[in-house]
Amino acid sequence: MSELTVTTSQIQGIAPVTVLHLKGHLHGPTEQELFEHARRANEGGAKHILLDMSELEVLASAGLRALQNIFKLFTPPSDLEEMRRPGSEPYKSPYLKLVCPNPQIYYILSITGFLQNIPLYNNMEDAENSF
């Protein structure tokens with residue numbers, strides 16, 4: 001079974017962004033590892049996070065749960081409230097963004113509805129410039 005490797009870098013756009021580079025499998029045994037990296041970044045003051053999925057090979061249901069928890073961690077309560085308000089505009093997170101998933105992972109993110117609220121970019125340059 002392949003594990004998950006998470007490395008961290010920083011980019012400076014209009015706002016500072018923490019980039020988590022994911023490599024391997026995001027599933028039950030590794031979901032907490034990813035969430036802990038995101039939690040430490042958030043506790044360290046990060047307000048924006050970009051998940052680089054270019055080397056992510058597998059995304060299982062537990063990995064989706066980790067993405068949902070990171071979304072909730074980085075989204076202010078007022079934004080979460082606005083999302084739940086009937087008739088409100090579709091919400092796209094300015095805090096959490098994804099980049100470069102392989103076609104299978106893109107398909108999973110798409111059919112599960114994650115891309116309704118989390119922006120996805122096909123290359124790092126566009127992702128970095130989106131913040």
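So, H1 and H2 are roughly parallel to each other, because angles under 35 degrees count as roughly parallel, over 145 as roughly antiparallel, 65 to 115 as roughly perpendicular and the rest as oblique. Before I go on, a word on what we have here. This is a predicted model, where local features need pLDDT of at least 70, side-chain atom pairs count only at pLDDT 80 or more, and totals for chains, interfaces and linings use all residues. Residues are numbered from 1 along each chain as its sequence is written, and side-chain values use heavy atoms, with hydrogens and water left out.

Okay, back to the two helices. H1 is residues 31–43 and H2 is residues 61–74. The names come from DSSP runs, numbered from the N terminus: helices are H or I with at least four residues, strands are E with at least two. Two packed helices are described by the angle between their axes and the distance between the axes. For H1 and H2 the angle is about 10 degrees, and the axes sit 9 Å apart. Axes are lines fitted to C-alpha atoms, for helices over the stretch in contact, and the angles run from 0 to 180 degrees between N-to-C directions. H1 passes H2 in a right-handed crossing, meaning that the near helix is turned clockwise from the far one by less than a right angle.

Which residues of H1 and H2 meet? From H1 we have Glu31, Leu34, Phe35, Ala38, Arg39 and Asn42, and from H2 Ala62, Arg65, Ala66, Asn69, Ile70, Leu73 and Phe74. Contact here means heavy atoms within 4.5 Å. The residues of that contact split into 8 nonpolar, 2 polar and 3 charged. The classes go like this: Ala, Val, Leu, Ile, Met, Phe, Trp, Tyr, Cys and Pro are nonpolar, Asp, Glu, Lys and Arg are charged, and the others, Gly among them, are polar.

Next, the sheet. It's an open one of 5 strands, in the order E1-E2-E3-E4-E5, with mixed pairing. E1 and E5 are the edge strands, each pairing on one side only. For two strands to pair, DSSP has to find at least two bridges between them. Strands of a sheet pair through backbone hydrogen bonds, either parallel or antiparallel.

Let's walk across. E1 (residues 4–12) and E2 (residues 16–26) run antiparallel, joined by 9 bridges. They form a hairpin with 3 residues between them, and glutamine 10 stands opposite threonine 18 in E2. E2 and E3 then pair in the parallel sense over 8 bridges, with lysine 23 partnered by glutamate 55 in E3. H2 packs on the sheet here, touching E2, E3 and E4, and its direction makes about 175 degrees with that of E3.

Carrying on, E3 and E4 run parallel with 4 bridges, and aspartate 52 has valine 99 in E4 as its bridge partner. E4 pairs with E5 (residues 120–121) in the parallel sense too, over 2 bridges, and there leucine 98 is partnered by leucine 120 in E5. H4 lies across E3, E4 and E5, running at about 115 degrees to E3.

In a regular strand the side chains alternate between the two faces of the sheet. In E4, Leu96 and Leu98 point one way, Lys97 and Val99 the other, and all are buried. Buried means under 20% relative accessible area, exposed over 50%, and partly exposed in between, using a 1.4 Å probe and protein chains only.

Now a few single residues. Is histidine 48 buried or exposed? At 17% relative accessibility, histidine 48 counts as buried. You'll find histidine 48 in the loop between H1 and E3. Its contacts, not counting residues up to four places away in sequence, include Phe74, Pro94, Tyr95 and Phe131.

Cysteine 100 is in the loop between E4 and H4. Its phi is positive, about 60 degrees, although it is not a glycine. Cysteine 100 has a relative accessible area of 22%, so partly exposed.

Last stop, valine 58, in E3. It is partly exposed at 31%. Valine 58 and glutamine 104 are 46 residues apart in sequence, but 8.4 Å apart in space, C-alpha to C-alpha. Glutamate 57 is in E3 as well, and for glutamate 57 and proline 101 it's 44 residues in sequence and 8.8 Å in space, C-alpha to C-alpha.
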